[in-house]
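Work through the exercises below with the model open. Each task is followed by a stepwise solution.

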Amino acid sequence: MAMGKYSRVDGKKSSSYGLTITIVLVVSLCLVGAWMFTSSWSAPDDSAGYSSSDTSKDVESVTKNEFKKEESDVKKEDNEAVTENNQVKTDPERSSEVDESSGQKTEVVEERKENDDNNGDGDGEKEKIVKEVESESDESKEKVVKEVESVSDEAKEKEKTQLEESTEENKSEDGNGTEEKTDENASETEESTEKSNKDVFPAGDQAEITKETSTRDGSWSTQLVESQNEKKAQQSSVSKDQSSSEWKTCNVTAGPDYIPCLDNLQVIKKLQSTMHYEHRERHCPEESPRCLVSLPDGYKRSIKWPNSREKIWYNNVPHTKLAAIKGHQNWVKMSGEHLTFPGGGTQFVNGALHYIDFIQESYPAIAWGNRTRVILDVGCGVASFGGFLFERDVLALSFAPKDEHEAQVQFALERGIPAMLNVMGTKRLPFPGSVFDLIHCARCRVPWHIEGGKLLLELNRALRPGGFFVWSATPVYRKNEEDSGIWKAMSELTKAMCWKLVTIKKDKLNEVGAAIYQKPTTNECYNKRPQNDPPLCKDSDDQNAAWNVPLEACMHKVTEDSSKRGAAWPNMWPERLETAPEWLDSQEGVYGKPAPEDFTADQEKWKTVVSKSYLDGMGIDWSNVRNVMDMRAVYGGFAAALKDLKLWVMNVVPVDAPDTLPVIYERGLFGIYHDWCESFNTYPRTYDLLHADHLFSTLRKRCKLESVMAEVDRILRPEGTFIIRDDMETIGEVEKMVKSMKWEVKTTQSKDNEGLLSIKKSWWRPTQTETIKSAIA
């Protein structure tokens, strides 16, 4: 047994014990007297009527009352943080104090408890110690010391437990994706938002969502840092703006039109050849930029659809070269503060609608908006062809390179027409094989017939068996030496490819002609060819492999097995949108169920989320939404749920995600493969709404989220909406970044460690600049 310093084993007191007690009492009384004299001398006049004992009790009482009030206020703020419409309070003082995660709320409460314990109960302990020193034995004094140490250890243990609980609050469980809640505030918040959660996170599909995403252990890596920064922000208004200074505006030659992977001028200068348009292909910088692209002078909110099809603000796309060289063909014209689009093109000077009907009349089996739903327009110009196909219930994905036809794709997107930057160069197009119902080329300036027909064979890969290729170009209807030579070469090539020339027609109004070819639906013609030229691709060649895959001059065999994709034409539109393809029957779905069940569950989930939450509960003005991107589409359920709105959706399937893009095309929608660690092939400010479902938690494993958010900022228009759904750790990081960019958090929601943010982009641009050396001429 441990002994006190002055105790004896026989329990008898030492002979000097009385003297020791006397000395201790005298010294103690002197100290207390000196303390009382000092206190009375330094106290303000209005405390003269109170004894030190009363004052101590009053301070203790006030401290406890303040703590109770603060704790009550925090709980009240918890309940007010999420309203019935999921609107976040925007009061600057409150927004700087309250974080939406229950783990951080607990931290704030526990920090206040610690401070109050130190300021209130600590003084009481000191008084107790002084009294016990005056009256207790030395053995009792040691007991007091031990009690003090015990209180300190207990407080430390309490703090440790609270941090562990906060950590546990932000962990996800394996399997069903639910988390064990030990914090009462988190439970109360969940109860108060249960009604709206049912719409945002419909019952029955939550397990499917979380099962698809990998679960994670561990606390939020930035919790403690954010808490410290939050306290600093409350102490100084200057500190509140420190995070925003981390962002800088890009200093690049392209200025407001900067596209990182297409404006890598340092790499382009070093290319050994540009014969195959290598300088128009993607050359991404080694490190994705995290600067923000500037706005053009005088930039305004884009004109709404359908008026935008006819005119846009000149200041939004301040380029006049195309109007000067193509104005006579009714591409685009200058008209005061607007650029206007008469609806013409090189092959349809008198309007796209007449030309569209001309194609239909030339070969009625095309059946716009019924059999033919998804088409690819090569070398699109300003995409008037695709813009007017909306009136025939057809989706046209138009593409062209960033070349001397200044800003043609930018014009298209500003008009609200689907378009992207790409080139027929040395690599495959970023689409699966056998997905487009029709491919169109109107004077698209692509030399289809050269080098063994390598570029036309790439279209053959992307074209669905039984699909059409519409070629409207001078070799079809002109008889000069050059055009006649090209026509002869094309005729030989298409015959060797087993394409059937179904018709050649001339448009008398526009004085142009079109040749329409059809891809075979069987391998019979391939097997009967006298020569294997162009050669058939190896069986090991995957026609769906398209990301950074070099072009090869070969043809893939047509699928004849009825249980596989490509053997049969999809259902007619619009039935195909909500019908699971038959070839899915033998596959396992993304969420682990049989693919048809997965397809149906995904479809019903997004119908519920969009109708019950997105359309009504997030404060989005859908009349301002035209260009939409689903940054991580699975089966295209999100896009399908928006089918009744006057908008279009670019469905992006990340290159490291399950390859479900063929399913999306089968439904009569379109999309593209992309790696979100790199920039997207589009101009800045081209989308009104971006949707990211469990994308960022995957990206953070291999990308810097700051660079991804800089790309989101680049392609989203000012006042555009960004909706992100992900685990709470990722949501916390994204929320911190968008606030530092001065975006407005419109809606926040959470359930079972799954969170949602709806954010509105601001007009703010940083004052400091960052020079991107790779983008300086």
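**Exercise 1.** Find which residues touch the most other members of the largest nonpolar core.

*Solution.* Start with the term: a nonpolar core is a set of buried Ala, Val, Leu, Ile, Met, Phe, Trp, Tyr and Cys residues joined through side-chain atoms within 4.5 Å. Buried means under 20% relative accessible area (1.4 Å probe, protein chains only). The largest core holds 119 residues, and Trp-448, Phe-469, Phe-696 and Phe-722 touch the most other members. Next, the helices: helix H24 (residues 705-715) gives the most to this core, 6 residues. Helices are DSSP runs of H or I, at least four residues, and strands are runs of E, at least two, numbered from the N terminus. A second, separate core has 21 residues, including Val-394, Phe-468, Val-502 and Ala-514.

This is a predicted model: local features need pLDDT of at least 70, side-chain atom pairs count only at pLDDT 80 or more, and totals for chains, interfaces and linings use all residues. Residues are numbered from 1 along each chain as its sequence is written, and side-chain values use heavy atoms, leaving out hydrogens and water.

**Exercise 2.** Place Ala-400: which strand holds it, and is it buried or exposed?

*Solution.* Ala-400 lies in strand E6 (residues 395-400). Its relative accessible area is 1%, so Ala-400 is buried. Now list contacts (heavy atoms within 4.5 Å). Beyond four places in sequence, the partners of Ala-400 include Gly-379, Cys-380, Val-409 and Leu-421. Finally, Asp-377 is 23 residues away in sequence from Ala-400, and 8.8 Å away C-alpha to C-alpha.

Methods
Buried < 20%, exposed > 50% of the residue type's maximum accessible area, 1.4 Å probe, protein only.
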